[in-house]
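Morning, everyone. Please pull the structure up on your screens, and I'll walk you through it.

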Amino acid sequence: MAKRELPKIDIPKEIKNADVLFVSHSGGKDSQALLAAMIRLGFKDKIVLIHSDLGYLMEWEPMEEWIKKNSFGLKLHIIHPPETFFDVVRRTEFMPSANYPICTDNLKLKPIEAFIHDYMERHKLKVGVNVTGIRGVESDRRAKKPVFGISDFYKVRDYSHQMIYDWNPIKHYLVEDVLAEIEAVGQKIHKVYSFGYSRLSCTFCVNSQVGEHTMSVRMKPETARAMAEVERDVNKTIRTQTIKGKKVRSYTDERYDIHPTAKNKDISNISHETIAWDKIDDGTYEIDMGEHIIKVIPENGKFTLAIFFFKDRKKYEIMATEILDTLEQALKFGEKTGLRILEKNIGHLITQEHAKIEMKRKQREKLEKEAREMGITVEELEALKKKNKKKKSCSDEDEDGECDV
Ligand code: SF4
């Protein structure tokens, strides 16, 4: 397959005069692509690499080692914000949300801003650029952010002698561009993505999908407990649900059964090459992907692969040919080696398959809505559509309108 061409990045003229580029790295794929792009553009000598550590409960694991591994030899500056997510919620009595991410403001932006001012002061630098890996397709809020401009950091009176810009150079990147940029420098993405997460963020991020939170309850039960406690303390919840058209709070301890002593899973011994299979008592292996479970059932020296989707409580048996091919390959090597081969290859295939199923689910929802509006059943509507389609495609009609095809 032809390699994807790396996207063009326009370099604002102000960058040329900058003394320093502060590149933020969360450990996630967008940060990796951002740093790789900055290196590609020849900025290595000007980069100061920074990471804001969100602490044991919210980080998947200490990111220092992972980021250093992918830092092109740059020194990594780790910032420890004075508060945790839970401190911020208790102090403000406000639960952050996608539209009001006060957690990002308090745990990332403000500590990074303080670091930047301090660093520039100590090194007597005049022009700095705060470079981040946000992408427009991620949210409306991000889409509205300018690619380049004078930073709010600049407006701080005590540091008005420092000129600071914000630059979001990969704002136009699609996920394929991100992956291509990472691949081009021979890096891998963090193992957390292969658990089914779309982003590497806080383990209980306010922007996460329901399925990702479900998965996090299993992977990070201590964090789920902390979330449940803070929700009760401030009487606000990280998720809401709609009942009879009204949005109501949905408490984490009501949504999930959180075991009082369960510990957060240590993922440090899981290789970045693999995804983790749990061996179940009945001899099967499974991966809980939050919205679905992938099950491998060994029987008489053979494997069967099943995908169970929970969102609409249906079991879809659609199998991607590629997954089946991988499974067939794996079979040749016996159970243990086969599973390992499967682990290595299955992650992105499942993501693709999941996207296809999401599309089908949306089509089904549309059909159900249409049927409801017409006052008929989905089956009747399908039959009607089939009939209409047949009529349309029939080019040879009898005088009485009957199709001869
Ligand atoms: S990753 Fe999510 S929860 Fe964490 S600070 Fe950012 S928005 Fe808030």
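Buried residues account for 31% of the protein chain, which has 405 residues. Keep in mind that this is a predicted model. The secondary structure of the chain comes to 13 helices and twelve strands. Now the contacts. Take those between residues at least 6 apart in sequence: 62% of them join residues at least 24 apart.

On to the ligand. Which residues surround it? From the earlier part of the sequence we have Phe 85, Pro 96, Pro 101, Cys 103, Thr 104 and Leu 107. Then come Ser 201, Cys 202, Cys 205, Val 206 and Asn 207. What about charge in that shell? There are no charged residues; eight are nonpolar and three are polar. Helix α5, residues 102–122, gives the largest share of the shell, with three residues.

Stay with α5. Its partner here is helix α4, residues 85–92. A quick reminder: two packed helices are described by the angle between their axes and the distance between the axes. For α4 and α5, the angle is about 125° and the axes are 10 Å apart. That angle makes α4 oblique to α5. The crossing is right-handed.

Who touches whom? On the α4 side, we have Phe 85, Val 88 and Thr 92. On the α5 side, they meet Ile 102, Cys 103, Asn 106 and Leu 107. By class, this contact has five nonpolar residues, two polar and no charged. Look again at Phe 85, Cys 103 and Leu 107. They sit in this helix contact, and they also belong to the ligand shell.

Second helix pair: α2, residues 29–40, and α7, residues 175–184. How do their axes cross? At roughly 60°, coming within 8 Å. So α2 and α7 are oblique to each other. Here α2 passes α7 in a left-handed crossing.

The contact residues of α2 are Lys 29, Asp 30, Gln 32, Ala 33, Ala 36 and Ala 37. From α7 come Val 178, Glu 181, Ile 182 and Ala 184. The classes in this contact are six nonpolar, one polar and three charged.

Put the two pairs side by side. The α4 and α5 contact has no charged residues, whereas the α2 and α7 contact has three. The α4 and α5 crossing is right-handed, while α2 passes α7 in a left-handed one. That's my tour. Over to you.

How values were computed. Residues numbered from 1 in each chain as written. Predicted model: local features only at pLDDT ≥ 70, side-chain atom pairs only at ≥ 80, totals over all residues. Axes fitted to C-alpha atoms, helices over the stretch in contact; angles between N-to-C directions. Helix = DSSP H or I, 4+ residues; strand = E, 2+ residues; numbered from the N terminus. Parallel < 35°, antiparallel > 145°, perpendicular 65-115°, else oblique. Left-handed = near helix turned anticlockwise from the far one by under 90°. Contact = placed C-beta atoms within 7 Å. Nonpolar A, V, L, I, M, F, W, Y, C, P; charged D, E, K, R; others polar. Near = placed C-beta within 6 Å. Buried ≥ 20, exposed ≤ 12 C-beta atoms within 10 Å, placed from the backbone.
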